[in-house]
Amino acid sequence: MIPEQRRDFIYRYVHEKNVASFNELAELMSVSHMTVRRDIQLLEEEGKVITINGGVKLNNQLKLELPWREKAELHHDIKRDMGQLAAMLIEPGQTLYLDAGTSLFEVAKAIAASQCFNLTIVTNDFSISHYLMDMPYITLYHTGGLVDQRNRSCLGKSAADFLRTINIDVAFLSSSSWDTERGMSTPSEGKATVKEAVLTVSRRRVLVCDSSKFGKYGMFHICELNKLTDIISDNQLPLMAQESITQQGVKLHLVNSREGTQHVEAGG
C-alpha cells in the first residue's frame, strides 16, 4: 500500500472498530510499527483519530464521513434489519422522505420488497432514486441541489427549499453522529440544512442509525432527540441511552445485532 491507501485503511478500520492497537494495524497492513505511528500521526493532525496507550481510537468529534461505498460495507446486517423494521412503519398512500446514506438505502430496499402501494417517495440520495426508478407503485421525487459526490446525494439550500414545499407523512433520517447530550449532528453544514428542512415538514420523524455512531458529534447541530418521534437502532446502544430516549417520549425500536432478530421498545 502507498501511504494514502494505508491512512484510508486505518481510518476505515477504526471507523468500524472504534479502537485499534498498533500491533493489529501493523499486522493487517504488513508494515512496521513506526510506519503505522507515522500514518496515525497524520490522521491525528487532521482531527480524525486520537492516539491512546498502545493504539488509536476514533475522534468523537467527527470531522469527515466515509465515502458511500465504504460505509455500505460497515454493519451491513444491522442496516438490513433496521431497514426491514423501518418498512413496517409505513402505510399505503403515504408520502415518505428517505434521507441520504447506506442505512436509508436498506430502508429503500425493504420498502420496495414490501410492495406497499401508492407511495410517494422523496429523496436526496442518487443511489436510492436509481434503485427505486423502475418501481411502478412508487411516485418518485429527487430534491436536486448541490451534488455531494462523496456521498452520492444532494445538499444545501436548493435541496432544502424544495423540501419545504412538500408535506411528508414519515421522514426516515440518517445521521453520522448522535447522542443524548448533543442530539443529532453532522460535520457538513449542507447536510444540516437539508435535515432541518425535513424536520419542519414531517409528521413522523424517524432516525435510522446504528449504535456505532452513538456518542459521536459533528460541528453542526441538527436537533435534540426529543424532536424525533422514533429512533431505529440496534441493541448495542448503551442502556443509559435507551432509558434517556424513552423518557423523552421517543419510541425506540431496536434490532438484535447478534442474531438478527427484531424487537421494539416504545417510549412515551
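Ala20 of strand E1 has Val56 as its bridge partner in strand E3, where strands are DSSP runs of E with at least two residues and helices are runs of H or I with at least four, both numbered from the N terminus. E1 and E3 pair in the antiparallel sense over 3 bridges; two strands count as paired if DSSP finds at least two bridges between them. Val56 in E3 is also the bridge partner of Thr51. The model is a predicted one, in which local features need pLDDT of at least 70 and side-chain atom pairs count only at pLDDT 80 or more, while totals for chains, interfaces and linings use all residues. Residues are numbered from 1 along each chain as its sequence is written, and side-chain values use heavy atoms, with hydrogens and water left out.

These strands belong to an open sheet of 3 strands in the order E1-E3-E2, with antiparallel pairing. Strand E1 (19-21) and strand E2 (49-52) stand at the edges with a single partner strand each, so one side of each lacks a neighbour in the sheet. On average, neighbouring strands here are turned by 25° against each other, direction ignored. E2 and E3 (residues 55-58) run antiparallel and are joined by 4 bridges, with Val49 opposite Leu58 in E3. Their hairpin has 2 residues between the strands, and Gly54 in it takes a positive phi near 85°.

Two helices accompany this sheet. H2 packs on the sheet and touches E1, E2 and E3, its direction making about 75° with that of E1; contact means heavy atoms within 4.5 Å, and angles run from 0 to 180 degrees between N-to-C directions, with axes fitted to C-alpha atoms and, for helices, over the stretch in contact. H3 lies across E2 and E3 and runs at about 130° to E2.

The two helices also meet one another. Helix H2 (residues 22-29) and helix H3 (residues 33-45) pack at an angle of about 105°, with their axes 9 Å apart. H2 and H3 are therefore roughly perpendicular to each other (angles of 65 to 115 degrees count as such, under 35 as roughly parallel, over 145 as roughly antiparallel and the rest as oblique). Phe22, Asn23, Leu25, Ala26 and Met29 of H2 make the contact with His33, Val36, Arg37 and Ile40 of H3. By class, this contact has 6 nonpolar, 2 polar and 1 charged residues (Ala, Val, Leu, Ile, Met, Phe, Trp, Tyr, Cys and Pro count as nonpolar, Asp, Glu, Lys and Arg as charged, and the others, Gly among them, as polar).

Further along the chain, strand E4 (residues 95-98) is covered on both faces: Thr95 and Tyr97 on one side and Leu96 and Leu98 on the other are all buried (under 20% relative accessible area, with exposed over 50% and partly exposed in between, for a 1.4 Å probe and protein chains only). E4 pairs in the parallel sense with strand E5 (residues 119-123) over 4 bridges, and with strand E9 (residues 168-173) over 3 bridges. Leu96 stands opposite Ile121 in E5 and opposite Val170 in E9.

Two residues that are not glycines have a positive phi: Gln115, at about 50°, and Arg152, at about 55°. Gln115 is found in the loop between H6 and E5 and counts as partly exposed at 44% relative accessibility. Arg152 lies in the loop between strand E7 (146-148) and strand E8 (153-155), and is partly exposed at 27%.
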